[in-house]
Amino acid sequence: MRRMSVFPQHGTALGNLGLTANEIRQETENNTSELVSDLVNLSAGARFEAIRSLHVPFNEKKTIRNRVNSVKLSKTILAADCRQQVSRSFRRFRASLASAMQHLVIWQDTLKEIGGRFGTSVLSYFLFLKWLLQFNLFSLIINFCFITIPQIVHAPNISSITGFRGLELLTGVGYFNKTVLFYGGYNGEVIVSKPAYNMQLAYFFTIAAYLVLCGVSLIYSTSRSFQKNFALETGPVSGGAWRLLCSWDFSVVNEKAIQYNKNNLAIQLKESLSERLQEKNKMSRSDRIKHLSLHLLAWLLSLGLALGSCAGIYFLGTNRELAFSFSHDPSDLGAEASTLLLPVVVSLFNLIVPLLYSLISKIESYSNPRAKIYISIVRTVILKMSILGILCFYWLSFVPTNISCWESFVGQSVYRLLIIDFIFCLLGIFFGEFLRNVIGTMCIQSLGVPEFDIARNVLDLIYGQTLAWIGIYFSPLLPVMQVLKLFIIFYLKKISLSMNCQPPKHTGRAAQIQTVFIALLFFPSFVGALSMVAFTVWSLKPSDQCGPFQGLNTPFHTIFNWTHSLPETHWVRWIFENILRSELFYYLISLIVLVITYFLWQITRGRKELIKTLREQIVNEGKDKAFLLNKLQNLQKERREMASYRPQDFDQTPHFNPNWMNTLPMDM
């Protein structure tokens with residue numbers, strides 16, 4: 001490139017060369033033309049930088065750029081220019097698509113508003129709810145497309161439907177008995193088409209694919225969250241320095257929420273200091289024995305309440321008069337209403353027993369609020385999962401021998417549990433938050449505004465999602481109810497949070513609490529539901545009068561029948577016979593998983609050691625700097641002291657004083 005400016009070099013003015021105005025304009029135009037011709041031959045990036053570096057006004061840069069673009073358009077478009085145009089167009093399209101996708105993201109603005117008003121700890125509950133909604137939407141779409149639509153269009157299985165009486169919306173029986181809402185509304189016929197559509201295989205593989213994808217997603221989310229928030233954490237995270245410097249939630253913009261955060265931060269700092277004082281003041285042996293005795297008593301009471309609840313639910317479920325009266329007389333409205341007794345009792349236990357747990361925790365006097373939160377979560381999880389475990393045992397051992405179409409009965413039972421749990425959630429919003437706020441602000445002001453209990457609300461979501469996973473095999477359209485439930489709960493909780501509640505004072509780190517919730521959703525929630533579905537598919541004989549797998553020994557035998565119908569040389573049959581049915585394959589898979597887990601664990605340990613070493617190095621460098629500063633200060637101090645005792649240099653040159661007469665004594 002010959003020139004990078006439209007002006008002559010070396011700062012010489014054209015007017016000083018004796019040129020006229022026309023000659024000056026001609027010279028400037030020639031320089032501009034040469035500059036444009038040089039810029040045309042450059043690449044897009046180099047051309048942009050060259051125009052940007054010109055020492056001319058912005059309007060002239062714009063003019064030069066337009067002339068370069070016009071010259072390029074007038075020439076033949078080369079392949080490189082075409083690629084650049086396509087790349088630029090693709091980048092613009094991708095940016096516009098990303099912007100459009102952001103507007104399509106559900107509840108994006110609402111979640112930003114919640115985070116700005118109440119902080120990330122409360123926001124974590126709504127993000128968790130949104131995540132569960134995505135699970136159920138995916139399940140609804142694939143079940144409806146691959147199971148329900150083929151059944152409705154090609155092989156309807158609707159017979160002996162009773163009239164709709166309204167109570168079916170709560171019980172799931174009567175009018176819904178033989179509909180596609182439950183297992184009994186499907187059959188195992190092969191739909192004649194090109195290619196043929198096997199309803200047994202569609203039912204089996206759709207449910208299996210959904211559960212596998214849920215498991216993979218949960219494992220990935222749990223591992224990522226654990227690695228980010230727990231595995232690389234070294235040193236105390238609840239100390240005063242961390243709370244003072246790193247715990248402020250900068251997403252909060254509401255003034256009232258900011259004041260809440262200030263008060264909560266002050267409370268947490270006081271508690272952290274009190275915990276350190278308690279650690280320094282070690283308890284005596286008698287006090288330690290007293291605390292251990294209180295903890296043991298509290299755990300015995302908690303486990304006793306959980307066992308008593310499970311025993312009551314089991315004896316209520318095995319009562320033949322209450323459990324199976326409606327199956328003998330479907331027209332009896334009272335018998336249909338009696339089916340709601342068991343889910344109501346289960347919901348009452350889930351509501352009342354955690355309140356008793358909170359009373360029990362008061363006698364333990366935990367010094368660490370986070371420990372109190374985690375203990376409460378563990379006890380509530382034990383209660384809810386024990387109740388679901390007893391119900392699953394009842395459904396899989398007692399129901400198949402007493403009900404002809406037992407899969408639909410189990411699906412209807414799960415449906416009732418889900419509906420009654422939703423009703424109790426609505427009652428909890430009204431009585432537990434709205435009326436509590438009215439009483440605390442108008443009647444008994446010492447109670448104050450109720451806190452938004454994140455742990456209790458998230459555990460309720462986990463319980464509902466566990467029911468949805470358990471019932472996915474027995475009621476393929478059960479995600480419809482779960483999606484509607486989560487939608488309504490989201491908006492009701494948002495309104496109640498804005499009107500009736502305040503952010504919680506003791507939350508711990510929001511990211512770590514969210515990791516705990518994801519881990520609980522995976523185990524025991526998803527693992528327990530998957531175990532029940534797997535046991536049903538592999539071990540139990542399906543009903544002979546309803547469902548897609550009637551006539552088979554187990555639902556899994558549909559895979560055997562399908563593979564045996566294939567030619568012996570078919571690759572699917574070879575994989576099934578030689579790999580999937582081989583114990584060695586699962587042994588190798590387990591071994592590979594263990595080895596990978598071990599390597600990842602060693603990598604995590606190495607990173608933790610590296611972080612620890614780097615922190616020690618930072619501390620040592622700080623000590624070295626302090627030592628060098630002290631040495632420098634001492635050296636400067638010694639030099640100042642030496643300079644104060646050094647003899648002064650006098651100038652021996654005589655000077656004439658013009659006022660020498662005034663220096664003589666007056667009496668001379």
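In the predicted model, Lys 384 makes contact with Asn 350, Leu 459, Asp 460 and Tyr 463 once neighbours within four places in sequence are set aside. Lys 384 is part of helix 16, and its relative accessibility is 4%, so this lysine falls under the 20% limit and counts as buried. One of its partners, Asn 350, sits in helix 15, which spans residues 341–362. Asn 350 is likewise classed as buried, because its relative accessibility is 9%. Apart from residues up to four places away in sequence, Asn 350 touches Leu 383, Lys 384, Ile 387 and Tyr 463. Tyr 463 thus appears among the contacts of Lys 384 and among those of Asn 350.

The contact between Lys 384 and Asp 460 is also a salt bridge, with 3.4 Å between the closest N and O atoms. Asp 460 belongs to helix 18 (residues 454–471) and Lys 384 to helix 16, so the bridge ties together parts that are 76 residues apart in sequence. The two ends differ in exposure class: Asp 460, with a relative accessible area of 24%, is partly exposed, whereas Lys 384, at 4%, is buried. The pair is part of a network of salt bridges that links Lys 384, Asp 453, Arg 456 and Asp 460.

In total, the structure contains seven salt bridges. Side chains of opposite charge can pair when their charged atoms come close. Among the bridges is that of Asp 421 with Lys 485, for which the closest N and O atoms are 2.8 Å apart. Asp 421 lies in helix 17 and Lys 485 in helix 19 (residues 478–500), so parts separated by 64 residues in sequence are tied together by this pair. Asp 421 and Lys 485 are both buried. Another salt bridge is formed by Glu 433 and Lys 493, with a closest N to O distance of 3.2 Å. Since Glu 433 is in helix 17 and Lys 493 in helix 19, this pair ties together parts that are 60 residues apart in sequence. Glu 433 and Lys 493 are both buried as well.

Lys 493 also appears in the surroundings of Tyr 125. Leaving out residues up to four places away in sequence, Tyr 125 touches Phe 452, Ile 454, Asn 457, Val 458, Leu 461, Ile 489 and Lys 493. Tyr 125 is a member of the largest nonpolar core, which has 106 residues; the members that touch the most others are Tyr 125, Phe 128, Leu 391, Trp 395 and Trp 469. The element that gives the most to this core is helix 6 (residues 120–154), with 13 residues. Apart from this core lies another one of 10 residues, including Leu 35, Ala 50, Ile 51 and Val 68.

Nonpolar residues also form a patch on the surface. Its area is about 1,100 Å², and it is made by Leu 584, Tyr 587, Leu 588, Leu 591, Ile 592, Val 595, Ile 596, Tyr 598, Phe 599, Leu 600 and Ile 603. Leu 588 is found in helix 23, which covers residues 583–644. The relative accessible area of Leu 588 is 42%, so this residue is classed as partly exposed.

The count of disulfides is one. Cys 405 is joined to Cys 546, with an S to S distance of 1.9 Å. The torsion about the S-S bond is about 100°, and the disulfide is therefore right-handed. Cys 405 is in the loop between helix 16 (369–397) and helix 17 (406–443), while Cys 546 is in the loop between helix 20 (510–539) and helix 21 (557–564), so the bond ties together parts that are 141 residues apart in sequence. Both cysteines of the pair, Cys 405 and Cys 546, are buried. As for other cysteines, Cys 145 counts as partly exposed because its relative accessibility is 40%, and Cys 501 counts as buried because its value is 9%.

For the protein as a whole, 23 helices and two strands are assigned. Of its 668 residues, 37% are buried. Among contacts with a separation of 6 or more, 76% are between residues 24 or more positions apart. The accessible surface of the protein is about 39,800 Å², and carbon and sulfur atoms account for 64% of this area.

Methods:
Residues are numbered from 1 along each chain as its sequence is written. This is a predicted model: local features need pLDDT of at least 70, side-chain atom pairs count only at pLDDT 80 or more; totals for chains, interfaces and linings use all residues. Side-chain values use heavy atoms; hydrogens and water are left out. A nonpolar core is a set of buried Ala, Val, Leu, Ile, Met, Phe, Trp, Tyr and Cys residues joined through side-chain atoms within 4.5 Å. Buried means under 20% relative accessible area, exposed over 50%, partly exposed in between (1.4 Å probe, protein chains only). Helices (H or I, at least four residues) and strands (E, at least two) are DSSP runs, numbered from the N terminus. Contact means heavy atoms within 4.5 Å. Patches are made of residues with over 30% relative accessible area and no salt bridge: like charges are joined within 9 Å, nonpolar side chains (Val, Leu, Ile, Met, Phe, Trp, Tyr) within 5 Å. Accessible areas come from the Shrake-Rupley method with a 1.4 Å probe; for residues, only the protein chains shown count as cover. A salt bridge is a side-chain nitrogen of Lys or Arg within 4 Å of a carboxyl oxygen of Asp or Glu. A disulfide is a pair of cysteine sulfur atoms within 2.5 Å.
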